[in-house]
There are 2 protein chains.
Amino acid sequence: MSQLARVQSFGVSQDGVGAGENQTLDQPFGEGVDPADLHAWRFATASWPGNALEGSRGLDDYLMHDYDYNIGAEIMGRNKFGPIRGAWQDEEWQGWWGDNPPFHTPVFVLTHHERPSFTLGDTTFHFIDASPAEALAEAKAAADGKDVRIGGGVATVRQFLDADLIDAMHIAVSPITIGKGLRLWDTPQDLEDRFVIESVPSASGVTHHFFWRR
Amino acid sequence: MSQLARVQSFGVSQDGVGAGENQTLDQPFGEGVDPADLHAWRFATASWPGNALEGSRGLDDYLMHDYDYNIGAEIMGRNKFGPIRGAWQDEEWQGWWGDNPPFHTPVFVLTHHERPSFTLGDTTFHFIDASPAEALAEAKAAADGKDVRIGGGVATVRQFLDADLIDAMHIAVSPITIGKGLRLWDTPQDLEDRFVIESVPSASGVTHHFFWRR
């Protein structure tokens, strides 16, 4: 187990929703999901860009800046990369993150519609039509001995969980209920047959759940 | 506040004791302090050397591997470096940590008895006779823009607290009582006039206290 597949700092609501349906350019998290609610805990930390002077330096901040720890590559679903569905209309869309995306590693985007790799800052996006196991093998090979982050969205994390390819997870549950949307789980206990689960309430109202293989 | 002075992952007992009196070669933590008790929580984590397959990957593990996060230099007291008191008998003693000390940065050892710097692995030890403020300025200059860890022991952390030079701290309080020894505080609340304090109980029985400047 020298290289792990890990989910880090993935946010869902009290009822397990991580994103809404019908994602668009204006609603990157889909209908009914406002990142200002679901990810409020991150925005309050010192590690959030621009917050150094004002942000909190408690538990949430540690988990926020840990996001990159020992990560050498990321795998994401196509819907995390962008709102486009079906064939690429053009190849101008380069993701939500501007000139210097926050990954700083190779990123493998799972899609049935391949396109050429490109580099922004120190992040290189590759587009691969592959099974979870194949994608993980490819990402591990690119990760320079480090771990691979399964970056989401919800459907991608579920796909890797269903294929039993996840070694460890940190999921942040925010104290809000969304109701409708893409659901990671009914309760964290759904996973307790395969994972040790540790649940830690934070001062912000978020509960951090840590999972690792039994 | 681009470079902080931080205490990371510093362990004390329920009654605030971090080390015993009369430190010797055989008792690096001094009389009455067994690291197997005071630091048990670290040894159980996946990040502790050799534990990758067996260790826990919950909160304690995150705080264990965070020890190095954005640290560019360490300042330690002479008693953390070794059990020698007074003038150096010889300069053969190179610390407790073998050929590859776990610091991987410049380390500034506060001592009234200077000696030449030396390098082991990617750690370079410098010996300086300086006030806390002078030492911090020197360590910041060597830290390549990163933060400086105030590494201990207890007397050194106290000295930097008393000089109001600490920006943030993580102190791990183990569920044991030691009674006699070198004490960091009577209670964490001693510091609440200057610091926001967040206290998080961990599954291991340890309570992690986070402090940052108000």
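This passage walks through the fold of the chains, their sheets and the contact between them in a predicted model.

Start with the overall build of chain A. Six helices and eleven strands make up its secondary structure. The C-alpha trace spans about 45 × 40 × 35 Å along the principal axes. For 214 residues, a compact globule would come out with a radius of gyration near 17 Å, and chain A has 17 Å, so the two agree. Buried residues account for 44% of the 214 residues in chain A. As for contacts in chain A between residues at least 6 apart in sequence, 63% of them link residues at least 24 apart.

Next comes the sheet of chain A. Nine strands line up as an open sheet with mixed pairing, and the order reads β5-β6-β4-β3-β7-β1-β8-β11-β10. The edges belong to β5 (118-120) and β10 (195-201) of chain A; each has a single partner strand, so one side of each goes without a neighbour in the sheet. Going by the average, neighbouring strands of this sheet are turned by 20 degrees against each other, direction ignored.

Within that sheet, β3 (residues 71-77) and β7 (residues 147-152) of chain A run parallel and are joined by five bridges. Here A:Met76 has A:Gly152 of β7(A) as its bridge partner. Helix α6 (residues 154-162) of chain A is laid across β1, β3, β4 (106-110) and β7 of chain A, and it runs at about 130 degrees to β7(A).

Strand β8 (residues 168-174) of chain A deserves its own look. How many of its seven residues are buried? The count is seven of seven, so to speak a strand that is mostly covered. In a regular strand, side chains alternate between the two faces of the sheet. In β8(A), both faces are covered: A:Ala168, A:His170, A:Ala172 and A:Ser174 are buried on one side, and A:Met169, A:Ile171 and A:Val173 are buried on the other. The strand has partners to match. With β1 (residues 5-13) of chain A, β8(A) pairs in the parallel sense over six bridges, and A:Val7 sits opposite A:Met169 of β8(A). With β11 (residues 207-213) of chain A, β8(A) runs antiparallel, again over six bridges. In that pairing A:Val173 stands opposite A:Thr207 of β11(A).

Over in chain B, an open sheet of nine strands follows the order β5-β6-β4-β3-β7-β1-β8-β11-β10, with mixed pairing. At its edges are β5 (118-120) and β10 of chain B, each with a single partner strand, so one side of each is left without a neighbour in the sheet. The twist from one strand to the next averages 20 degrees. At the β5 end, β5(B) and β6 (residues 123-128) of chain B run antiparallel and share three bridges, and B:Phe118 has B:Phe125 of β6(B) as its bridge partner. Helix α6 (residues 154-162) of chain B lies across β1 (5-13), β3 (71-77), β4 (106-110) and β7 (147-152) of chain B, at about 130 degrees to β7(B).

On to the packing. The largest nonpolar core has 104 residues, and A:Ile75 and B:Ile75 have the most contacts inside it. Setting aside residues up to four places away in sequence, B:Ile75 touches B:Phe108, B:Leu110, B:Ala135, B:Leu136, B:Ala139, B:Val148, B:Ile150 and B:Gly151.

Finally, the contact between the chains. Here 17 residues of chain B are in contact with 17 residues of chain A. On the chain B side, the elements giving two or more residues are α3 (59-65), β10 (195-201) and β11 (207-213). Which of them gives the most? That would be α3(B), with four residues. By class, the chain B side has twelve nonpolar, two polar and three charged residues.

One residue to zoom in on is B:Asp66, in the loop between α3 and β3 of chain B. Leaving out neighbours within four places in sequence, B:Asp66 is in contact with A:Tyr62 and A:Asp66. B:Asp66 has 19 C-beta neighbours inside 10 Å and therefore counts as partly exposed, since being buried takes 20 or more. B:Asp66 and B:Gln8 are 58 residues apart in sequence, with 8.2 Å between their C-alpha atoms.

Conventions
Residues are numbered from 1 along each chain as its sequence is written. Chains are lettered from A and ligands numbered from 1 in the order in which they are written. This is a predicted model: local features need pLDDT of at least 70, side-chain atom pairs count only at pLDDT 80 or more; totals for chains, interfaces and linings use all residues. Two residues are in contact if their C-beta atoms, placed from the backbone, lie within 7 Å. Ala, Val, Leu, Ile, Met, Phe, Trp, Tyr, Cys and Pro count as nonpolar, Asp, Glu, Lys and Arg as charged, and the others, Gly among them, as polar. A residue is buried if 20 or more other C-beta atoms lie within 10 Å of its own, exposed if 12 or fewer, and partly exposed in between; C-beta atoms are placed from the backbone. Two strands pair if DSSP finds at least two bridges between them. A nonpolar core is a set of buried Ala, Val, Leu, Ile, Met, Phe, Trp, Tyr and Cys residues joined through C-beta atoms within 7 Å. The radius of gyration is taken over C-alpha atoms; the globule rule is 2.2 Å times the number of residues to the power 0.38. Axes are lines fitted to C-alpha atoms, for helices over the stretch in contact, and angles run from 0 to 180 degrees between N-to-C directions.
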